[in-house]
Structures are given as C-alpha cells and as structure tokens.
Amino acid sequence: MRQVTITLNGESRSCLVKPNETLLDVLRDKLGVKSPKCGCDHGDCGSCAVLLNGKSVRSCLIFAIECEGMEIRTLEGVSGDKLSALQEAFIEFNSFQCGYCAPGVIITATELLETNPHPSLDEIKEALSGNLCRCTGYTPIFDAIMAVTKKEDE
Amino acid sequence: MKKHKFIGQPVIRIDGREKVSGAAVFTDDIDFGANLLYAEVVTSTQAHALIKAIDTSAAECIEGVVKVFTGKDFPYQFGLYMKDRYIFAQEKVRFYGEQVAAVVARSAQVAKQAARLVRVEYEPLPVVTDQMEALEADAALIHPGLGEYEHVPWFFPQSQTNIAHWRKIRKGDLEDGFKQADYVLEDTYQVPRYAHCAIETHVAIGKFDHSGRLTVWSSSQSPHTQRNLFAEALAPLGLTHKDVRVITPHVGGGFGGKAGVTMEIIPAALATKLRGYAVKLRWTREQEFTNTYQRLGVIAKFCMGVTKDGFITALDHKIYWDAGAYVEYGANVVNAVGLSAIGPYRIPNVSIDSICVYTNLPPGGPYRGFGYSEMLYGLESHIDRIASHLGIDPVQFRRMNAISEGDTTAYGARMNPNGLMEAIDKVTAAIDWDKPLASANPSKVLGKGFALFWKAPAMPPNASSSAFLKFNEDASINLIISGMDIGQGYQTVMAQIAAEVLSIPPIKIRVETPDTDRNPYEWQTVASHITWSCGNAVKNAALDARDQILALINRVHHLPIDTLYLEDEAVKCSNDKRFHLPLRDFVINGIMTGDGTFKGGPIIGRGMFMPEFSSTKGNPETGQGGHPNVHYTVGAGALILEIDRETGKMRVLKAAEAVDAGCALNPDLIKGQITGGLMQGLATVLYEDMRFDEKGRMLNPNFTDYKIPTSMDVPDEIIPIIVEVAQPDGPYGARGIGEHTMLPAAPMVANAIADALGIRIKSMPITAEKVALAIINGQKDVQ
C-alpha cells in the first residue's frame with residue numbers, strides 16, 4: 001500500500017492504494033465518487049471516463065498509484081452546484097435513456113467542447129467513438145452537443 | 001375530444017437531473033460497509049459433461065476466503081415458466097460457462113484468485129450446439145428429467161427428447177390453401193444468437209440478516225418476479241415471501257436481459273449461508289456474454305402459397321429454436337412467436353410449428369422483440385421475394401394482404417384496431433418509395449428496403465400492475481409503482497398520467513425505483529406492456545385519489561360531485577366560478593369546518609389493472625380457442641441503403657420507421673425509442689456476430705470482438721413517425737412500442753440488398769464480408 005494524493009474535483013484527497021488498484025476502483029470504493037461506471041473493465045466502453053489533467057482517460061485502464069499529484073475531474077465535479085449547459089442540453093434532447101453511459105459520455109463531450117468549442121458533426125462522432133451507448137442510437141447525443149455550440153454563438 | 005394538458009406533451013424526463021449529474025444510484029454504487037463479501041463463480045469448461053468431483057481444498061486455504069460453495073449446498077430448481085434451472089450445476093453441466101461453484105471472500109481479488117484454484121473433474125458427454133442435430137433420434141439428451149419439470153399449462157414438453165415446448169397452430173385447410181395457390185415459394189432462413197449488451201453488467205447483492213430476513217439488491221427489470229422466484233427456490237430454507245425483499249435501483253440497460261432471474265439467485269442463495277454479511281456478485285463483461293440470457297437462434301422454414309393476383313392463400317411455417325441449456329424463460333419466446341408467426345397478414349390457411357429445442361449453448365431468453373425480430377427476418381424476406389416473382393410492388397403486396405381490425409389471427413382471436421395502413425403510407429412517403437434511385441458514385445449502388453412488423457406482449461394471462469399514490473403537504477405526489485425505468489422513460493410517462501388526472505405538473509411528481517416491501521405488485525417490466533398495464537393502474541390510482549378529494553369537498557362544502565373538477569392544482573366547481581380550493585390546502589391536513597373540527601385527512605390513491613379477458617386455454621393441437629394475446633402493436637419501416645460494390649460496406653442513408661402507439665403519451669420519448677431501437681436492430685443485421693466453437697465456447701465475449709455500434713455507425717438520417725389509432729383499453733388509448741422499434745431493421749436491410757444487387761441473403765448477420773463475397777462469386781442466393 002502506498003499513500004496517493006490527488007486533486008479530485010478541486011479538493012485535495014489522499015488514500016492508501018495497492019499498486020494494482022485501478023483509478024476506477026479507487027475513485028468508487030475509496031473516495032466515494034460513483035459517477036464513473038464499470039462497463040467492461042477493458043477500456044472498450046468508455047463509461048469510466050474521467051478527466052485526468054484535463055484529458056479524458058479510461059479510469060479502468062489506469063492504476064491509481066500513477067496519478068500522484070494529478071488533477072482528476074469526474075461528473076460530480078462538472079455538475080458542481082449547477083448543471084453545465086451541456087448537461088442541461090442532455091436533458092432537453094433526451095440524450096440518455098438508462099443513464100449508465102451518460103457520465104462517461106458527458107465527460108468526453110465536456111473535453112471536446114473545452115478543446116474545440118465549435119466541433120463539426122464528424123468531429124463530434126469521432127470524439128464519441130470510444131463511448132458505447134446501447135440505448136439512444138447516439139443521434140440525441142449529437143443533437144445536445146450541437147445545440148450547446150449554437151447557444152454559445154448567440 | 002378534450003384537450004390534454006400533460007398527455008401527448010413532450011414532457012422533460014423526471015429522471016433527467018439525476019442521470020446527467022451523476023447522482024443516479026445504480027446497484028453497484030451502493031456501499032455495504034465492512035461486512036461486504038465478494039463472490040466469484042467457478043464456471044464450466046465443458047458444454048456438456050458429468051461432474052465427477054469438485055476439489056475446493058486449495059481455494060479454501062487462501063487467506064481471505066470465507067467459504068466455498070458447490071451445487072451440493074443448494075440442490076434447488078427454479079425457473080419462470082418451467083423449473084428446469086439450478087442455482088449451481090448439479091450432477092452435470094449443460095453449457096460452457098455454467099456456474100459450478102462459488103468462492104466467497106473478503107475481497108474481489110482474493111475471490112477471483114481462489115476461484116481459479118477450484119478443481120472440477122468432468123466426464124465429457126456429447127455436445128449438441130445445433131438445434132437440428134438436437135432433434136435427431138440419436139442426439140444426446142440434455143434434460144433426461146424433462147418429463148418431471150413443473151411448467152405453465154400452455155407448454156407442451158416432449159419427454160425423452162430435446163423438445164422443451166412445441167407450439168402448434170392449425171387454421172383453415174392447409175392442403176386446400178396450397179391448391180388455391182398459383183405460386184408457392186419454399187425456403188429456409190437462419191438467424192443466429194445475439195447478446196443484449198446493456199452497458200451495465202448484471203450485479204446483485206444478497207444479505208441475510210440474523211433475524212432471518214433476506215434482502216437482495218439487484219440490477220433487474222423484475223423486482224417482484226425476482227422476489228417470487230427467490231422465495232420459491234429457497235422455500236426449503238424456511239423462507240416465505242414476507243422474508244424476502246428485493247430492492248432494484250436504477251438499471252443500466254435491460255433489453256430483456258435483466259428480466260426474470262439469472263445470476264441474481266447466486267448471491268441470494270450464498271447469503272442465506274452467511275448470516276449477517278452482504279454478498280456481492282458482479283458479472284464481468286465476459287460473463288455477461290456467456291452466462292446470462294442470449295437471444296435464441298432460429299432456423300425458419302417457410303412455405304407460402306399465393307394467387308397470381310397477389311393474395312396469400314396458405315402458410316406452412318416451421319420454426320426451430322436453438323433455445324440453449326435452460327429454457328425456463330426462452331420457451332415462452334418460442335410460444336409467443338408460434339402464436340404470431342403469420343405476421344401482420346390475413347392468411348386463411350395456416351400451419352405453424354414453433355419448436356423449442358435444448359442445446360448445449362447458454363440459456364436463450366427474452367431479448368427486446370421477444371423472437372419477433374427473428375421470425376420477421378424470414379417472413380418479410382419471403383414476402384418480398386414472392387411479390388417480386390409476381391411482379392407486384394412489395395409495398396402494394398403488403399397492402400393487399402395486411403391484417404385489419406376484426407380479421408382473425410392464426411389462433412382465432414380478433415385483431416385489434418390498428419394503423420398499419422397509415423404506417424405504410426407514412427414511411428413510404430418519407431423515403432420517396434416510388435422515386436427511382438441512382439448513385440452518383442459508380443463504385444456504389446443504392447437499394448430500398450421495406451418491412452412490416454407486429455408484436456403482442458407475451459405474458460401470463462393474469463399478469464398485473466398496481467399503483468399507490470400519496471399526496472404531500474404542498475400537493476406534490478409520490479407515485480409508488482414497481483415498473484423499472486430501464487431507459488424508456490417509464491417514470492416520466494407514469495407521472496404524466498397521474499398529472500393529467502390530478503392537474504399536478506409532472507415535475508411535482510416523484511417516482512422512485514422499487515422496493516418490494518414498500519411498492520405494490522408489478523409482474524415485470526417486459527413485453528412492452530408497462531405503458532399499457534401499469535399506465536392503467538396509475539390512472540386508476542389517480543382516479544381513486546380524485547374521487548376521495550371530490551367526495552370530501554362534497555361532504556364539507558355541499559357542492560354536487562358532478563359539478564366539481566380538478567384544474568391547476570385546485571378543486572373548482574362548474575356551477576360556482578368563484579369556488580377555488582387549492583389542493584395543498586387540504587390533501588394532508590383536511591379541511592376545517594365552522595366549529596373548528598377538521599374533515600378529511602391524507603389522500604392516498606390506489607389502483608390496479610389485470611386484463612380480465614386474456615386466456616391461454618387454446619386447443620394444444622390447433623391453438624384455437626384461447627385469447628393468449630391482449631393486443632398487437634404494428635408498424636412499418638423503410639430505408640435507403642448504399643452499398644460499396646467492392647468492399648460490400650453498407651451505409652444507411654435514410655431510414656423511416658412508423659409505429660402505432662395508440663396514443664403517444666410522450667412523443668419525444670417514442671421518437672427516442674425509434675432512434676435507439678432501430679439502431680439496435682440495424683446492429684444485429686450489419687455488425688454483431690456471435691461466434692461459438694464446436695465445443696460450445698463463445699469466441700468473442702467482449703466489445704473488441706463483438707461489435708456493437710459506435711457513434712460512427714449511425715444512419716445519416718432517421719425519420720421517426722408516430723401513428724395513433726387508439727387502443728380501446730389503453731390509458732388514453734396508449735399501447736407499448738419499446739421493443740417494436742427493433743423489428744423491421746433486419747429484413748429491410750436484406751430487402752434493400754436484393755433491390756440494389758439482386759442478391760438474396762437468407763442468413764443473418766449480413767456483414768460487408770458476406771455481401772462482398774456474394775458479389776465476387778456472382779451468387780444470387782446466399783444461404
């Protein structure tokens with residue numbers, strides 16, 4: 001076990017981790033952050049996506065011990081006291097159904113909009129291609145992201 | 001018609017904030033503290049074998065292991081429609097991946113490590129992975145005890161064979177029907193197995209406390225059915241329904257895969273031997289593929305006769321289902337499709353044999369569409385070919401033969417009101433069916449495909465729903481029901497129904513996920529019956545509450561009940577426009593009268609619904625006589641497909657789908673079902689391909705090798721269309737549409753390929769590889 005300290009959603013947090021514990025398990029089981037979900041544990045589905053120093057990563061493929069001193073944002077951090085414009089658009093466009101993939105999808109889309117505020121439809125598709133959603137057929141997710149980019153123009 | 005305020009409106013989902021903020025609690029998100037134990041199963045490495053010995057000693061020596069269990073600890077059978085299943089394999093295993101033993105440990109890692117040390121000695125038996133082979137006289141018998149299994153009265157198992165159920169339908173005179181035909185087409189179509197691929201894998205936690213009460217938290221579509229099956233299976237331990245409680249938080253996708261009971265019974269059973277602990281079992285993605293329900297595989301033999309002017313005279317339809325090792329749920333898929341295997345057509349002379357065959361593959365079970373997708377692939381392909389042979393436009397051929405209200409189904413009951421013709425009109429208009437297509441790109445070719453669909457809820461004739469509704473001081477409402485919002489928007493739509501009756505905006509109604517101790521009975525969230533069935537129960541509960549409110553006003557204010565109505569969260573009176581009593585003033589605390597005393601008290605509505613006209617008592621040899629299906633939902637789909645001549649790669653340029661919702665309670669949610677369901681259907685035909693080796697081992701149990709669609713695979717344009725021909729006994733005329741949205745996808749792709757290339761592909765999936773090879777080899781007919 002080794003002590004690891006990270007900045008989690010703006011707060012400094014420490015815990016003891018084993019060398020083989022994934023960031024996903026540590027976030028969920030030791031730090032009480034439950035929005036990143038386990039869907040495959042192999043990096044295929046994207047439901048465990050979190051922002052690590054601003055970049056989206058699959059937390060099931062990263063050991064917690066590697067994250068010493070890093071900044072991690074999960075959906076809880078994105079939500080804060082008020083939902084983001086993107087989250088509001090997800091509600092407006094029914095861009096989720098069961099909601100299990102939503103945290104990973106919103107994290108990925110948040111990263112996209114932070115790095116490219118006016119993505120084309122093709123860029124949106126490309127950015128989301130690592131996030132599996134079995135319910136929506138993806139179109140409503142594209143609609144929400146497009147609506148946010150348009151809103152910002154107004 | 002009275003204008004509705006909330007019904008028919010695109011009301012925002014009431015679970016939206018929870019789900020987009022990360023607040024929504026799924027089963028795996030619940031903390032159980034220091035007394036949580038983790039289970040890991042030891043799975044079979046043989047598809048059919050006798051268990052000679054199980055050595056758990058090495059596993060038991062690992063530090064952190066609490067206990068190792070085998071089939072001997074739980075010699076109990078269970079099942080939904082037929083008790084052919086075991087908590088752990090008993091004397092033999094019947095599929096590769098079946099649970100043989102379990103290790104319970106203080107950490108998931110230790111449980112996993114120890115499970116690898118359990119040694120199971122097998123004596124292999126012949127493996128049968130093909131349903132046609134399983135029907136041969138000398139095939140290995142998978143369930144020698146079949147004759148003794150308890151089952152529902154509408155199943156007809158054939159003892160000492162691998163036939164678990166045989167649904168027969170005989171209508172009219174088949175021989176005469178074929179005599180009337182000018183053209184008869186006979187062929188076989190094949191549909192393989194598929195996986196649901198909900199992104200959340202199955203997970204359940206069982207806790208048996210020191211008072212003898214069993215609580216199971218599970219990711220399930222069926223809390224009450226789970227409680228019932230747990231209580232039945234574990235009755236030898238002295239458990240009754242009162243002692244078993246099932247709590248089902250948000251579910252991360254179901255699609256039928258989380259209906260009934262599969263792996264959840266394992267932690268429930270393990271917990272009973274580990275008092276005071278919570279025992280958790282979460283399937284890995286691989287286990288999710290190999291040891292939950294899979295969609296059944298199908299070989300369907302069609303023989304259809306038509307007159308030269310295009311009327312169907314006869315259908316002989318034999319459907320052989322690869323139902324897997326246990327069919328306690330899957331046999332009802334076979335039954336449901338057997339009843340409905342004429343499709344939405346008027347056919348006077350019919351013979352249907354729908355045969356449920358045991359194989360040594362994972363258990364087949366419910367999957368969105370409940371067998372109708374598989375059946376319609378063959379039927380809608382066959383019909384297109386017949387129309388083409390007769391030189392009749394395939395849409396016109398379907399119009400001529402489409403079933404209408406009052407026509408008899410294959411089992412003799414009358415068809416319900418429906419908007420099939422309107423659905424045909426609207427989808428064909430949406431893709432300009434009559435306009436010839438030409439690709440601007442010489443390496444690409446375009447084709448149009450069309451398909452009809454129908455499906456009825458498959459359920460016991462007395463499947464029921466119930467609802468409680470309680471007011472809070474501010475006239476907000478807790479609506480307490482037991483269906484699951486598996487993504488379809490159930491909670492929102494139920495809130496809309498209560499809102500409409502009580503004039504309370506849906507945003508002021510909270511619907512929580514169920515707990516069988518507190519929420520009233522619901523059979524299961526399956527069969528696309530919940531909007532209809534639970535919707536009726538909720539409406540009845542709201543009407544009950546309204547009646548209590550109006551009776552109270554009448555008692556206190558002496559206004560005639562028939563002049564009172566609810567509007568904008570208040571009671572109003574048609575005779576006295578000044579009368580206006582906000583609900584929040586009295587729904588908990590009552591109304592003060594002149595002498596300072598109060599009348600009334602907390603308003604609590606209750607409602608239930610059971611279809612009292614349904615019956616499965618048809619003749620076993622002909623299917624005639626019963627009323628096994630409550631109604632059908634119908635619709636149509638059409639698409640334009642672009643195919644690359646060299647690579648066979650296909651792209652859906654435009655797809656339109658119309659479904660008859662009876663009444664669209666929330667049109668946006670229906671459009672969401674069409675968009676998502678159509679994609680799931682297209683995936684079964686274009687991408688997903690489940691592979692097994694000859695030993696019955698699945699070769700691609702992961703998302704790298706079993707390809708479900710990504711954001712890159714979305715059709716260029718999807719046109720969702722809602723048709724509304726009211727269901728007389730539905731809430732505001734509504735009927736279910738959730739599963740139906742998948743149904744037309746596969747045959748319309750097959751038909752579009754035939755249109756574009758003249759190649760008829762008779763087996764799914766239709767991958768780019770299959771199309772490219774057919775082009776290269778000059779094959780016009782691909783089996």
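This passage describes the fold of chain B, one of its sheets, its nonpolar core and its contact with chain A. The structure is a predicted model.

Chain B has 783 residues. Its secondary structure comprises 17 helices and 32 strands. Along the principal axes, the C-alpha atoms occupy a box of roughly 95 × 70 × 55 Å. The radius of gyration of chain B is 27 Å, which agrees with the value near 28 Å expected for a compact globule with 783 residues. Buried residues make up 60% of chain B. Among contacts in chain B with a separation of 6 or more, 79% join residues 24 or more positions apart.

One sheet of chain B is described here strand by strand. This sheet is open and has five strands, in the order E9-E17-E16-E15-E10. Its pairing is mixed. Strand E9 (163-171) and strand E10 (183-191) of chain B are the edge strands, and each pairs on one side only. On average, neighbouring strands of the sheet are turned by 5° against each other, direction ignored.

The pairing can be followed across the sheet from E9(B). E9(B) runs antiparallel to strand E17 (residues 349-358) of chain B, and eight bridges join the two. Within this pair, B:His165 stands opposite B:Cys356 of E17(B). E17(B) in turn pairs with E16(B) in the parallel sense, over ten bridges. Here B:Ile319 has B:Ser354 in E17(B) as its bridge partner. Ten bridges also link E15(B) and E16(B), but in the antiparallel sense. B:Met304 is matched with B:Leu315 in E16(B). E15(B) and E16(B) form a hairpin with five residues between the strands. In this hairpin, B:Gly310 takes a positive phi near 100°. In general, strands of a sheet pair through backbone hydrogen bonds, either parallel or antiparallel.

How many of the 13 residues of E16(B) are buried? Eleven are, so E16(B) is largely enclosed by the rest of the structure.

Two helices pack on this sheet.

Helix H9 (residues 330-340) of chain B touches E9, strand E16 (312-324) and E17 of chain B. The direction of H9 makes about 10° with that of E9(B). Helix H10 (residues 372-390) of chain B packs on the sheet as well, touching E10, strand E15 (297-306) and E16 of chain B. The direction of H10 makes about 150° with that of E10(B). E16(B) is thus touched by H9 and by H10.

The largest nonpolar core contains 315 residues. The residues with the most contacts inside this core are B:Val103, B:Leu479, B:Ala498, B:Val749 and B:Ile753. Helix H14 (residues 530-557) of chain B contributes the largest share of the core, eleven residues. The surroundings of B:Val103 were examined further. Beyond its neighbours within four places in sequence, B:Val103 is in contact with B:Ala39, B:Glu40, B:Ala59, B:Val65 and B:Val68, among others. Its contacts also include B:Ala111, B:Ala114, B:Ala115 and B:Val118.

Chain B also meets chain A. The contact takes 42 residues from chain B and 40 residues from chain A. On the side of chain B that touches chain A, helix H1 (16-21) and helix H15 (667-686) of chain B each supply at least two residues. H15(B) gives the most to this side, with eight residues. By class, the side of chain B that touches chain A has 17 nonpolar, 17 polar and eight charged residues.

Technical notes: Residues numbered from 1 in each chain as written. Chains lettered and ligands numbered in written order. Predicted model: local features only at pLDDT ≥ 70, side-chain atom pairs only at ≥ 80, totals over all residues. Core = buried A, V, L, I, M, F, W, Y, C linked by C-beta atoms within 7 Å. Buried ≥ 20, exposed ≤ 12 C-beta atoms within 10 Å, placed from the backbone. Helix = DSSP H or I, 4+ residues; strand = E, 2+ residues; numbered from the N terminus. Contact = placed C-beta atoms within 7 Å. Pairing = 2+ DSSP bridges. Axes fitted to C-alpha atoms, helices over the stretch in contact; angles between N-to-C directions. Rg over C-alpha atoms; globule rule 2.2 N^0.38 Å. Nonpolar A, V, L, I, M, F, W, Y, C, P; charged D, E, K, R; others polar.
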